[in-house]
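The exercises below ask you to read a protein model step by step, and each task is followed by a worked solution. Please look over the sequence and the coordinates before you begin.

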Amino acid sequence: MNLLKTTFLLTLLTLLLVAMGGAIGGKSGMMIAFLIAGGMNFFAYWNSDKIVLKIYKAREVTRADSPDFYGIVENLARKAGMPMPKVYVIPSDSPNAFATGRNPQNAAVAATTGIMRILSREELEGVMAHELTHVMNRDTLIATIAATIAGAISMLGSMLQWAAIFGMGRSDDEEGGGSVLGSLAMAIIAPIAAMLIQMAVSRSREFMADEGGAKMCGNPKALARALVKLQQAASGAPMQEATQATSHMFIVNPLSASKMASLFSTHPATEDRVARLMAM
């Protein structure tokens, strides 16, 4: 069911991107947009992990560099029967963590120096189990593709707005072109719809990673405590280095600490996540 839901949502995003291309350039624009979507997905599949790690200046560590942190990841990976991912440390006081990589054989997990300072070993194990579950479920690839297409739709929306305002692009009688008002409506509605779909993908995968992580580490309460601590830290000091395009990758939203789950949130409400974990 989750695979079908994710496939459906990603298909909707791709169709939106193609529709935006059609609004700008007719049938030829639709084909160009489709090719762009395919190219962006291919690029994201092979390079997303390198890009995001570089953005946050993550440094790869070994057992000798960080024996406790590396050991936690190594033990969890062995317990889950999955390949050992690369381990990175992000030089940031803001406590957070994320996983990236296109599959379990080419994965990486990263944690900030701040998260190691405020969490106990059991809580950090819960967080890293959550991230390794993302890797096993290939959530990082799914989220990257969703973010890539949604970003492209947003850029095309801006282009379409300017084209409509200045009378550029297709005329009304060219290849069934729409009116200026129709183009403006498409330019406004499509990016919002893309964002909502991207957020829905992200929230559904977070719940799954919480459940899987709790089972992997065998301590749902520790993961719940970690989420509460990270939520409180994000409320006081959002991560300055974080970007909107990558905020969905972190275990808690590094940009805001909203307590209300909504259509516009990349993460479920922490209270809902904690409640589900405590019920386990």
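**Exercise 1.** Which backbone nitrogen does the side chain of Asn253 reach, and at what distance? Place the residue in its surroundings as well.

*Solution.* The coordinates come from a predicted model, and side-chain atom pairs are considered here only at pLDDT 80 or more. Begin with the location: Asn253 sits in the loop that runs between H7 and H8. From there, follow the side chain of Asn253, which reaches the backbone nitrogen of Leu255 at 2.9 Å. Then look beyond the neighbours within four places in sequence, where Asn253 is in contact with Asn96, Ala234, Ser247, Thr266 and His267. Finally, classify the residue by exposure: the relative accessible area of Asn253 is 15%, and because buried means under 20%, Asn253 counts as buried.

**Exercise 2.** How many helices and strands does the protein have, and in what pattern do they follow one another along the sequence?

*Solution.* Counting the elements gives 8 helices and 4 strands. Reading along the sequence, one obtains the pattern α-β-α-β-β-β-α-α-α-α-α-α. For the overall picture, note that buried residues make up 51% of the 280 residues, and that, of the contacts with a separation of 6 or more, 69% are made by residues 24 or more positions apart. The protein exposes about 13300 Å², of which carbon and sulfur atoms supply 64%.

**Exercise 3.** In what order do the strands form the sheet, and which helices pack on it or lie across its strands?

*Solution.* First take the order: the 4 strands form an open sheet arranged as E1-E2-E4-E3, with mixed pairing. The edge strands are E1 (59-61) and E3, each of which pairs on one side only, and the twist from one strand to the next averages 30°.

Next examine the pairs. E2 and E4 run in the parallel sense over 5 bridges, and within this pair Lys86 has Ala108 of E4 as its bridge partner. Helix H2 packs on the sheet, where it touches E1, E2 and E4, and its direction makes about 140° with that of E2. On the other strand pair, E3 and E4 run in the antiparallel sense over 5 bridges, with Thr100 bridged to Ala108 in E4, and a hairpin of 5 residues joins E3 to E4. Helix H4 lies across E3 and E4, running at about 20° to E3.

**Exercise 4.** Why is E3 described as largely enclosed by the rest of the structure, and which way do its residues point?

*Solution.* The count settles the first part: 5 of the 5 residues of E3 are buried, so the strand is largely enclosed by the rest of the structure. For the second part, separate the residues by direction: Ala97, Ala99 and Gly101 point one way from E3, while Phe98 and Thr100 point the other way, and all are buried. This can be set beside a general expectation, namely that in a regular strand the side chains alternate between the two faces of the sheet.

**Exercise 5.** Which residues of the largest nonpolar core touch the most other members, and what does Val127 contact?

*Solution.* The largest nonpolar core has 35 residues, and those touching the most other members are Phe69, Leu76, Ile115, Val127 and Met128. Among the elements that each supply at least two residues of this core are H2 (67-80), E3 (97-101), H4 (121-136) and H6 (180-217). Apart from its neighbours within four places in sequence, Val127 is in contact with Ala97, Ile115, Leu119, Leu223, Ala226, Leu230 and Ile251. A second, separate core of 22 residues includes Leu9, Ala152, Ala194 and Val201.

**Exercise 6.** Where are Lys57 and Arg138 found, and what joins the side chains of Arg205 and Asp139?

*Solution.* Lys57 is found in the loop between H1 (2-55) and E1, and is exposed at a relative accessible area of 66%. Although Lys57 is not a glycine, its phi is positive, at about 55°. Arg138 lies in the loop between H4 and H5 (139-165); it is partly exposed, at 38%, and likewise has a positive phi, of about 60°, without being a glycine. As a general background, most residues other than glycine have a negative phi. Turning to helix H6, Arg205 has its place there and is buried, with a relative accessible area of 8%. The side chains of Arg205 and Asp139 are joined by a polar contact of 2.5 Å.

Definitions and conventions:
Residues numbered from 1 in each chain as written. Predicted model: local features only at pLDDT ≥ 70, side-chain atom pairs only at ≥ 80, totals over all residues. Heavy atoms only, no water. Buried < 20%, exposed > 50% of the residue type's maximum accessible area, 1.4 Å probe, protein only. Contact = heavy atoms within 4.5 Å. Areas by Shrake-Rupley, 256 points an atom, 1.4 Å probe, with all protein chains shown as cover. Core = buried A, V, L, I, M, F, W, Y, C linked by side-chain atoms within 4.5 Å. Polar contact = N/O pair within 3.5 Å; in protein donor to acceptor, adjacent residues only side chain to side chain. Pairing = 2+ DSSP bridges. Axes fitted to C-alpha atoms, helices over the stretch in contact; angles between N-to-C directions.
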